[in-house]
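Subject: A structure for you to explore

Hi,

Here is the structure I promised to pass on to you. Please open it beside this email and look for each part as you read.

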Amino acid sequence: MQPGDRVRVDHGDVTNEGVLLPSTTNDHLVVKLDGGYNVGIDRETADVEVVESGARDVDAGGGSDGDDVSEIVFDGDLPTVSLISTGGTIASTVDYRTGAVTAQFDAEDVLRAVPDLAGRANYRGRVVANILSENMDPTIWQELAAAVEAEIEAGADGVVVMHGTDTMQYSASALAFTLDSPVPIVFTGSQRSADRPSSDNVMNAVCAVEAAKANHAETLVCMHATPSDDACALHRGTRVRKNHTSRRDAFETVGAKPLGVIDYAAASEAGADGSAADEAITWHREPIDRGERELTSATDLERDVELVKFTPGMDPEAWAYLDEKAGVVIEGTGLGHVHTDLIPRIEELVDAGTTVVMTSQCLEGRVCDRVYDTGRDLLDAGVVEAGDTLPGTAKVKLMWALANTSDPAGAMRRNLAGELTEESQPWR
């Protein structure tokens, strides 16, 4: 019995038949079922019969690694889109020889995984990281910003960053603050892997490429707008939040409609010949125009910044580790409050030189510490109000402001990259 054999496995009252796959442990068999899914079976309980020897070749293939750059054959009539991978579900494909979902990175691999992208653009592929998105950190944000900058300098008309969904909003914020780009930078991902019939990888990738060709220069997150395969929302990277663990339309712009929406059918048809599918995009607010800004970068980040959440009954000693932090962002309650016993602790941090910024746990609305006594005491203690900046975005912004401005507190009160609305008002 070898990987690639077609086997019939009886275990208990269940019988499974399929192709035997390589296994990472000696305790389990992995079988690729005819329906496309894999099943793991305890070897000790399995009665295995080989139905056909060598039914499949299971010599695993692989994509590029490191930060190699790949490029497909150039067509002078097409725009150039750089595909940058950091890992995540969308940067993977099913190896039908093995049944495994494997990371695929370079331009050729992406086109094999998503054939619908062919003919829409010239593609360059670059690998920045091959990690789970929960392992993302500021060092990789800086490497990602440098890679995007290099691709734009090399002539890319737009950049698509393939990223795991769990921390995509943080990385999108980081690029919005570290780069002023003359062309679109579009983050996209996949909630469901390529081996699932409900995978969203193809539609998200196609819409992201079309958004990267369009007439704007925003840093966006492009993901399903609804549970159906009808449209992708284009969220400004500093205003987006993942609000569901598994839905395909998990991402939302907080406090507003998304910046725009791209119709999938119209984008697929209009962009298939390489032309920009601008007519497929409905903008709810005016985006930054393509070419409006010169390419500039400020990629230094102060890593010694913490985001903390206040909860009722919290022990003030739980914040002891914040001593000597360069910056602290607090998720307060309501208008931006914490227990009054914590206010002296915050004042100690400010007096020691820490920039302390207040955000709210509420999904909508803005911080205002001038309404209640607690808020006024927080202001007297030196807390900086962040308005309606999202807590995660505020952390990234503070990391950037501490490293790149002489007045980080002032920077936190100003809108720099669409993260802060100057006043509360109803959105269309």
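The protein has 9 helices and 24 strands. Please keep in mind that this is a predicted model. Of its 428 residues, 52% count as buried. About 18,500 Å² of the protein is exposed, and carbon and sulfur atoms supply 45% of that area. Among contacts with a separation of 6 or more, 69% are between residues 24 or more positions apart.

Let's begin with helix 2. This helix covers residues 138-153, 16 residues in total. From its first C-alpha to its last it reaches 22 Å, close to the 22 Å expected at 1.5 Å a residue. What caps its N-terminal end? That is D137, with a side-chain oxygen 3.0 Å from the backbone nitrogen of T139. The buried residues of helix 2 include W141, L144, V148 and I152. An α-helix has 3.6 residues a turn, so residues three or four places apart point the same way. The buried residues also include two glutamates, E149 and E151. Just after helix 2, G155 takes a positive phi of about 110°.

A little further along is D157, in the loop between helix 2 and strand 11 (158-162). D157 counts as partly exposed because its relative accessibility is 30%, and the cut-off for buried is under 20%. Leaving aside neighbours within four places in sequence, D157 is in contact with P79, T80, V183, P184, A212 and R290. D157 and L78 are 79 residues apart in sequence, yet their C-alpha atoms are 9.9 Å apart in space.

One of those contacts, T80, deserves its own look. T80 lies in strand 7 (residues 80-85). Is T80 buried or exposed? It is buried, because its relative accessible area is 11%. Not counting residues up to four places away in sequence, T80 touches F74, N122, R124, G155, A156, D157 and G158. So the list for T80 includes G155, the residue with the positive phi.

Now for the charged pairs. Side chains of opposite charge can pair when their charged atoms come close. How many salt bridges does the structure hold? It holds 20. Here are three of them, plus a network:

- R293 and D180 meet at 3.6 Å, N to O. R293 lies in the loop between strand 19 (281-283) and strand 20 (296-297) and D180 in strand 12 (residues 179-180), so the pair ties together parts that are 113 residues apart in sequence. R293 is partly exposed, with a relative accessible area of 23%, and D180 is partly exposed at 33%.
- E210 and K213 form a salt bridge of 3.1 Å, N to O. These two are 3 residues apart in helix 4 (residues 201-213), so about one helical turn separates them. Both are buried.
- E419 and K397 meet at 2.6 Å, N to O. This pair links distant parts of the chain, with E419 in the segment after helix 9 (408-412) and K397 in helix 8 (residues 391-404), 22 residues apart. E419 is buried, and so is K397.
- R6, R8, E17 and E49 are joined into one network by salt bridges that share partners.

If you want a place to start, find D157 and trace its contacts, including T80 and R290. Then look at the pair of R293 and D180.

Best wishes, and enjoy exploring!

Key. Residues are numbered from 1 along each chain as its sequence is written. This is a predicted model: local features need pLDDT of at least 70, side-chain atom pairs count only at pLDDT 80 or more; totals for chains, interfaces and linings use all residues. Side-chain values use heavy atoms; hydrogens and water are left out. Helices (H or I, at least four residues) and strands (E, at least two) are DSSP runs, numbered from the N terminus. The expected span of a helix is 1.5 Å times one less than its number of residues. Buried means under 20% relative accessible area, exposed over 50%, partly exposed in between (1.4 Å probe, protein chains only). A polar contact is a pair of N or O atoms within 3.5 Å; within protein, one must be able to donate a hydrogen and the other to accept it, and residues adjacent in sequence count only if both atoms are side-chain atoms. A salt bridge is a side-chain nitrogen of Lys or Arg within 4 Å of a carboxyl oxygen of Asp or Glu. Contact means heavy atoms within 4.5 Å. Accessible areas come from the Shrake-Rupley method with a 1.4 Å probe; for residues, only the protein chains shown count as cover.
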